[in-house]
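The exercises below deal with aromatic rings and with charges placed over them. Please look through the sequence and the model before reading each solution.

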Amino acid sequence: MGITKQDEQTTAHISPSQHQLDPGLKDWRHYTFHWGDHVKLVDVMATRKASGAYHARREYWVVDKARLTPQRTLRIKGQDMEWPATLPSTQASVQEFTSPTSATWQIVGTDLTTGMLYKHATEDCYVRMATTVTSQDPTVTLLRWYRTSTTQPSPSFDPRGTYIEVSSLGSGTIWYADSKSP
């Protein structure tokens, strides 16, 4: 997590101080969130450069509302892309929101007790996702990232990997990023 090896090997300013999800080394990074290995839940475009209607340093979220039933395992994948590119396809029942990619990390005083909490399999990184799952209008109501670190984490990080449902945050100094409340 944090600055990738590719970031360290370039002189380009890949991880600007106002990023949360790492926009990658090209124009944008396409993240996908899956339940297990096969059920795609979310597409996220984290933009590094602007193109057309897409602004730089933004996250564009597309959630398949029909798949908001939480599962035990969450997998996040990512691929660097260049403009123009084939954009993520939208499903029939979607929730879309856009948010700045800024992350102001703050020390956790009290953890949120709402939503499913997932821990990265090999890193000290967590994601909490709260949803309302009703037959009328299922939606993501909150998304919050957590990092364990003795110092404030870098503003940009790459969340790719496998996350397993857990009941609470680990020990040590925990930081959280500004919550995205669509």
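Trp35 has a relative accessible area of 6%, so Trp35 is buried, where buried means under 20% relative accessible area, exposed over 50% and partly exposed in between, with a 1.4 Å probe and protein chains only. This is a predicted model, in which local features need pLDDT of at least 70 and side-chain atom pairs count only at pLDDT 80 or more, while totals for chains, interfaces and linings use all residues. Residues are numbered from 1 along each chain as its sequence is written, and side-chain values use heavy atoms, with hydrogens and water left out.

**Exercise 1.** Decide whether Tyr118 is buried or exposed.

Solution. Tyr118 has a relative accessibility of 0%, and therefore counts as buried.

**Exercise 2.** Classify the pair formed by the rings of Trp61 and Phe97, and place both residues in their strands.

Solution. Begin with the rule: rings of Phe, Tyr and Trp (its six-membered ring) pair if their centres lie within 6.5 Å, and planes under 30 degrees apart count as stacked, over 60 as edge-to-face and the rest as tilted. The centres of Trp61 and Phe97 are 5.5 Å apart and their planes are at 10°, so the pair is stacked. Next, Trp61 belongs to strand β3 (residues 58-64) and Phe97 to strand β5 (residues 94-100), so that the pair links parts of the chain 36 residues apart; strands (E, at least two residues) are DSSP runs, numbered from the N terminus. Finally, Trp61 and Phe97 are both buried.

**Exercise 3.** Find which ring the charged end of Arg144 sits over.

Solution. The criterion asks for NZ of Lys or CZ of Arg within 6 Å of the ring centre and within 35 degrees of the ring normal. The charged end of Arg144 sits over the ring of Tyr176, 4.0 Å from its centre.

Methods. Helices (H or I, at least four residues) and strands (E, at least two) are DSSP runs, numbered from the N terminus.
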